[in-house]
Amino acid sequence: MLLGGFITVVVLVVGAFFVGYSLVKIPPANALAMKQANVYLYADGSEIARDGDINRENVTLAQISKDAQHAVLAAEDRDFYTESAVDPVAMLRAGWNTATGKGKQSGSTITQQYVKNYYLGQEQTVTRKVKEFFIAIKLDHSKSKDEILEGYLNTSFFGRNAYGIQAAARAYYGMDAKDLDPARAAYLAALVNAPSEYDVVAHPENKAAAVARWNYVLDGMVKKGWLSASERAGMTFPMPKEATVPTGMSGQRGYIVRAVKDYLDKNNILSEQELAAGGYRITTTLQKSKQDAFVKAVDDRLMSKLDKKNNKVDRYVRAGGAAIDPKTGQVVAMYGGIDYVQQYTNNATRRDFQVGSTFKPFVLASAVQNGSRTQDGRPITPNTVYDGTNKRPVRGWTGYYAPENEDQHSYGNITVREATDKSVNAVYAQMAVDVGSGKVKDTAIDLGLPTDTPELIGSPSIALGVARASVLDMAQAYATLADHGRHGTYTIIKKITKDGSHVVDLPEQAASQAISREAADTTTSVLRSVVENGTATAAQAAGRPAAGKTGTAEEDTAAWFAGYTPDLATVVSVMGQDPQTAAHKSLYGALGLDRINGGGAPAEIWAQFTRDALKGTPVHDFDLQLQAGADKVQPIPGDSTSQAPGAGESSTGDTPGTDATGGQDTQGQQGQDQGQTQGQGQTGGTPGTGTAGTAGDTAGGGTPPTGGTDTGSTGNGGSTPTTGGGTGAGGTAGNGGSTPTTGGTDAGGTAGPGGTATGPGTGTGDGNG
């Protein structure tokens, strides 16, 4: 029975093979020459651009260098000349994976790929795989290996709209296929595997992957004896030239089309080769009025101020921007660069510049989300006090990390809110450790950063923005904060039709609560302070309630502003890159300034764009639900005189505290009392005279007991104690400069910043009391 069953199966398989072989005919070549253009539209139906011209120049095998032939064989099918036209095992595996929804699979031989390119199409179906199998076998019997290889090299897609190796050699290196050397040939061969992804000019963030594939090809050439090991050892990666694109893609049009193609391919909606068949009508979510407003804002606030003729650094300046509707996740505007014809790389989608301090809000959001506490057990809120000393080593981490603050400034004890206003690195590095850098990374991903974001690593440095997310990635994350922690993956596509009727299915854009509303809204409340009091006051010109954060990449190679209103989340980055070598460049001296920072051109661009984009729409204020305790002042670590709010302390931006007499502290963010000196003034104050009282006072300026002279000092802020006949060895004015009650004779207080304290037997004092 077993033998009979086995024979039956064999007979059926053989029979099916012969039936398939006889039924499947070699079809005529697919009519790429007859293909239609693809049309790209704004959300309102107005046209952005159209593409579809095939860039192809067929050549004979003799017109393709041996190095190029060998490189492609090393990349795609090293045993092409000795093996059969099909690999049944690999094909069955690919067919099964495609049928079961595991994504696009390959494993085809060069003959099979040629059949797909020339006779069939790019659709990923089992039917096409079966046809490909039988046609490849028939072709292998009717054509020579050289003929098949020649056809394959003339039909393969290499990116940059280049079909065939001759077009690719011209597009990437400005030379003919016959002149390709091993290094350049290996790069073109690597492109066949992932044409758009491995274009290191369009996607510089993928250079490492492209170089790895390039090395794989070269190693294969050595292994097969097509390249000597000594010649291979001396090779360096051959950077391709900037792309030459049709003038119909000038301005922002080419950047938009490129972003759409990348989005469709990445989300497995349409591959670039499927798009090449033409006939697609793609309606984007971009709004023309907002797109125009973005271009104008960049021109007005940045490009028009450059002096490229006389200032070398101005030649390096590039800009990228993206705006997302927080409620829908739709990209409504995008700025890719000055002109796609002049500069091929899309600055809105590239992932090779550090995001700097625009990452810090994700640390705070993660702290609130996870209910994190400081190393000494205090809950992390906007009013938590941290040590902002420059180069302060972080505590609670196994390694050593002591980040510098900008301009090497030390802040001493400072609240989280003020540390965000001033972008204090020492505070946020410590906070990342307190929260757990792994949790911070998870929160950033939940907010919208892709999991494969370069340098998104779990260490304290994550807080300072070493990650290399794109402008569009950051806009997505900030849009999540703007929508109270709800996140839906961004989309740039509204609708796609094929040949005027068939509608292409798009992924469902379901939103979910990525982080709690309290975590998102508390972060927003702190970012509002950055716009109102911190490094981003230029954003106030938008004329709307706004929240945001500035950022600067290492060595000032990029300056960022990421911000939002309740209706629009927008990120702007000004970047430095050498137009010839593509190397990142510092922006010191650009625009005639010492340095470019996020509060300058990026915030100014953001403000003008936001104002114009929302013109004529209702002004909405933020509706915030803060974490429990977010409005309460916390004690200063190690300060035994600190007490609860209402005793004279107030936090930045919160309701001022009240001193013991019922008066209010003013200038609440001026400083923090860092310990009192009993019986003498400090920082310029002269100790007073008199009899020390029986007990000291608490912060807030209470009434000294009678019987002596008050010799306490005032806190920061510079209050003036009144005189009297009571005693006390420590009457202290609270932060912000409240006035102690009468009843004691002050004999030498120390004033806070800019203030003067007087007393019967005292001198005066300026500076930090």
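Two strands count as paired when DSSP finds at least two bridges between them. With that in mind, welcome to a set of close-up views of a predicted model.

**View 1. The whole chain, before zooming in, contains 20 helices and 18 strands.** What share of the 769 residues is buried? Buried residues make up 56% of the protein chain. Now look at how the chain meets itself: among contacts with a separation of 6 or more, 68% join residues that are 24 or more positions apart.

**View 2. Five strands form an open sheet with mixed pairing.** Follow the strands across the sheet in the order S2-S1-S5-S11-S12. Which strands lie at the edges? They are strand S2 (47–51) and strand S12 (502–503), and each of these pairs on one side only. Further in, strand S5 (residues 280–284) meets strand S11 (residues 493–498) in the antiparallel sense, and five bridges connect the two. To find one of the matches, start at Arg 281 and cross to Thr 497, its bridge partner in S11. Thr 497 also has a bridge partner in S12, namely Val 503. S11 and S12 run antiparallel as well, joined by two bridges.

**View 3. Ile 282 sits in strand S5.** Is Ile 282 buried or exposed? Its relative accessibility is 0%, so Ile 282 counts as buried. Have a look at Lys 495 too: although Ile 282 and Lys 495 are 213 residues apart along the chain, their C-alpha atoms are separated by 6.1 Å. Setting aside neighbours within four places in sequence, Ile 282 is in contact with Val 39, Tyr 40, Leu 41, Val 260, Leu 264, Leu 275, Ile 493, Lys 495 and Ile 496.

**View 4. The largest nonpolar core has 126 residues.** Which members touch the most others? Those are Leu 264, Phe 359, Phe 362 and Met 431. Helix H18 (residues 471–482) supplies the largest share of this core, with nine residues. Zoom in on Met 431, and you will find that it touches Val 363, Leu 364, Ala 367, Ile 380, Tyr 386 and Val 416, if residues up to four places away in sequence are not counted. Apart from this core lies another, of 50 residues, including Leu 61, Ala 71, Met 175 and Ala 189.

**View 5. Helix H2 (residues 66–76) is mostly covered.** How many of its 11 residues are buried? The count is nine. Pick them out one by one: Ala 68, Gln 69, His 70, Ala 71, Val 72, Leu 73, Ala 74, Ala 75 and Glu 76. Ala 71 may look familiar, as it was named among the members of the 50-residue core.

**View 6. Helix H6 (residues 145–155) is largely enclosed by the rest of the structure.** Why is H6 described as largely enclosed? Eight of its 11 residues are buried, so the rest of the structure surrounds much of the helix. The buried residues in H6 are Lys 145, Ile 148, Leu 149, Gly 151, Tyr 152, Leu 153, Asn 154 and Thr 155.

**View 7. Asp 407 and Ser 423 both have a positive phi.** For Asp 407, phi is near 60 degrees, a positive value in a residue other than glycine. Asp 407 belongs to the loop between strand S8 (385–387) and strand S9 (413–415). With a relative accessible area of 62%, over the 50% cut-off, Asp 407 is exposed. Ser 423, which is not a glycine either, has a phi of about 55 degrees. Look for Ser 423 in the loop between helix H15 (416–421) and helix H16 (425–435). Is Ser 423 buried or exposed? Its relative accessibility is 9%, so Ser 423 counts as buried.

**View 8. The second largest pocket has a volume of about 760 Å³.** Which of its 32 lining residues lie nearest the centre? Look for Glu 406, Asn 425, Thr 552, Ala 553 and Glu 554. Strand S14 (residues 547–552) gives the largest share of the lining, four residues. By type, the lining of this pocket divides into 17 polar, nine charged and six nonpolar residues.

Methods: Residues numbered from 1 in each chain as written. Predicted model: local features only at pLDDT ≥ 70, side-chain atom pairs only at ≥ 80, totals over all residues. Heavy atoms only, no water. 1 Å grid on protein atoms, 1.4 Å probe; cavity = no way out; pocket = protein on both sides within 12 Å on 5 of 7 lines; lining within 4 Å. Points joined across faces, edges and corners; volume = space filled by probe spheres on them. Nonpolar A, V, L, I, M, F, W, Y, C, P; charged D, E, K, R; others polar. Core = buried A, V, L, I, M, F, W, Y, C linked by side-chain atoms within 4.5 Å. Buried < 20%, exposed > 50% of the residue type's maximum accessible area, 1.4 Å probe, protein only. Contact = heavy atoms within 4.5 Å.
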